[in-house]
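Here are a few exercises to work through with the structure open. Try each task before you read its solution.

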Amino acid sequence: MAETIVKMEHISKTFPGVKALDDVSFELKAGEVMALLGENGAGKSTLVKILSGVYQRDSGTINIMGDELETVTPNIARQYGVAIIHQELNMCQHLTVAENIFLGREEISHGVLLDNKTMNARAKKVLDSLSIDLDPETLVGDLAVSKQQMVEIAKALSVDAKILIMDEPTSALTEKEIEELFRIINDLKATGVGIVYISHRLEELKHIVDRVTIMRDGQFITSGNFSDFTMDNIISAMVGREIQEKFPHVKTEPAEVIMEVVNLSAGTNGRNGTKVDNVSFTVRKGEILGIAGLMGAGRTETTRAIFGVDKKDDGRIYLNGQEVQIDCPGDAIKCGIVLAPEDRRKDGLCTKLPVRENIALPNLDFLANKLGIVNKKAEKLLVQKAVESFCIKLPSAEVNAASLSGGNQQKVVVAKWLSRKSNVVIFDEPTRGIDVGAKVEIYQLMNQLKEQGIGVVFVSSELPEILGMSDRILVMCNGRITGELSREEATQEAILKLATRFEKKVG
């Protein structure tokens, strides 16, 4: 039987107004992958932050590698081989791969100079041991997110990690990159590394997970061998109820066109060199238009150009048959076109401001008078309605958005648009990194918008949800639309075939 390397018993933790953990116990064995599962706000992040020394427990005991520890600080955790890879990557973009791997542990020569040669050689050794093909001298800012994820893993293992915590590691990876990550995980298991694996993509668990621990509302619910659970068992334990329908699609009859995009091109000087190349499509009232494609296909760039974040090189946008000029997000918002962006922390939230201000900010045009004075009563009602409608878990609307879990942050991003009279709502990866219960709430919101006659554009990398929720599907590749599929003819195979084509389908 494998050695128990982590044993946490009766752990409790309270923050102002919230009991984050209530008598939680958790075990990890050497050479296993333990999936730590639960909805957003279940307490998973708090538990692993206590294990890694970021937070201190209020009560309970922690035993790591056979030693019972009175106090766990980040430094003590590192000494015991605990390493954590956060969902939001924490890399220094202007430094090289090697410099990131040894950040804070730099090799020094002559007492004052960085020994880059030694760091590059040591970094290469770590990368080679993981079969990661990266040049240690490459700037991290020049790497794709997936490669940055690999650098984070290499950084963790460079300190001889024995306990590796991975928080949503596949949320920004392609299928091929996920396969590579799973290979690395299986190699680490073989060397005796214990892995705590946090993910909301339940379908991937069967490939790597040995055991599961399920939490709900800050409490331990159950644990056991993964093979002893069905997916329905897991979901029911996570949410405390049975999810009757994973993709609650509502059938509607096609209505008139509300938005038309004609010959849109953008990205000549855009980010990451991804272009939008002569894209044309329509959105109808009361429909969900799904946009599928592989990473780098131009889906996000298309939404950013429509919303006015990125400059258009060419093309026109029509709303209710009238051409509209959108040069910035403010223009789009005035037209009733709103966007829940892909990167919620970077583009969708002011993380240092309270939730109240995040929800109120895009609505100041009707919350404030001509002198710019905000009607506090109207603001309070607006925020209260948004929080209640989305079941956003928070002690107070005055807490900073950064303090919320990923799922609750996503709810705030979407909720702030609720009170506006919108014509088109664009969702770019709205369910990335959130739990199955919160996903269903986002899907139900889309249905509510449909029933109000609003056009919904839905970008997602998860084909099951694109197939499950869309009325019509566009497929993109290399910045172009390569095909359009009705709900009836759409399959994963048909989408993937179009997602790897470079010529535009006619008709």
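**Exercise 1: an aromatic pair**

Y55 has a relative accessible area of 26%, so it counts as partly exposed. Keep in mind that this is a predicted model.

Task: work out what kind of aromatic pair F15 and Y55 form, and which parts of the chain the pair ties together.

Solution. Start with the geometry: the ring centres of F15 and Y55 are 5.1 Å apart, and the planes make an angle of 70 degrees. Planes over 60 degrees apart count as edge-to-face, and that is the label for F15 and Y55. Next, place the residues. F15 sits in strand β1 (residues 4-15), while Y55 is in the loop between α1 (44-51) and β4 (59-64), so the pair ties together parts that are 40 residues apart in sequence. Finally, check F15 for exposure: its relative accessibility is 27%, so F15 is partly exposed.

**Exercise 2: another pair**

Task: classify the pair F247 and Y443, then decide whether these residues are buried or exposed.

Solution. Here the centres of F247 and Y443 are 5.6 Å apart with 50 degrees between the planes, which makes the pair tilted. F247 belongs to the loop between α7 (231-239) and β13 (257-266), and Y443 to helix α15 (residues 436-451); they are 196 residues apart, so the pair links distant parts of the chain. As for exposure, F247 and Y443 are both buried.

**Exercise 3: the helix that holds Y443**

Task: find out how enclosed α15 is and what its buried residues pack against.

Solution. First the length: α15 spans 23 Å from first to last C-alpha over 16 residues, close to the expected 22 Å. Then count: 12 of those 16 residues are buried, so α15 is largely enclosed by the rest of the structure. Among them are V436, I442, L445 and L449. Now look at the partners: the buried residues of α15 pack against α7, β15, α14 (406-415), β19, β20 and α16 (463-469). Just past the helix comes G453, with a positive phi near 85 degrees.

**Exercise 4: the sheet**

Task: trace the strand order of the open sheet with 6 strands and name its edge strands.

Solution. Walking across, you get β18-β19-β20-β15-β21-β22, with mixed pairing. The edges are β18 (337-340) and β22 (480-486), each paired on one side only. Zoom in on β19 (residues 424-428) and β20 (residues 455-459): they run parallel over 5 bridges, and V424 stands opposite G455. Last, helix α8 (residues 299-307) lies across β15, β18, β19, β20 and β21, at about 140 degrees to β18.

Technical notes
Residues numbered from 1 in each chain as written. Predicted model: local features only at pLDDT ≥ 70, side-chain atom pairs only at ≥ 80, totals over all residues. Heavy atoms only, no water. Pairing = 2+ DSSP bridges. Helix = DSSP H or I, 4+ residues; strand = E, 2+ residues; numbered from the N terminus. Contact = heavy atoms within 4.5 Å. Axes fitted to C-alpha atoms, helices over the stretch in contact; angles between N-to-C directions. Phe/Tyr/Trp six-rings, centres within 6.5 Å; stacked < 30°, edge-to-face > 60°. Buried < 20%, exposed > 50% of the residue type's maximum accessible area, 1.4 Å probe, protein only. Expected span 1.5 Å × (residues − 1).
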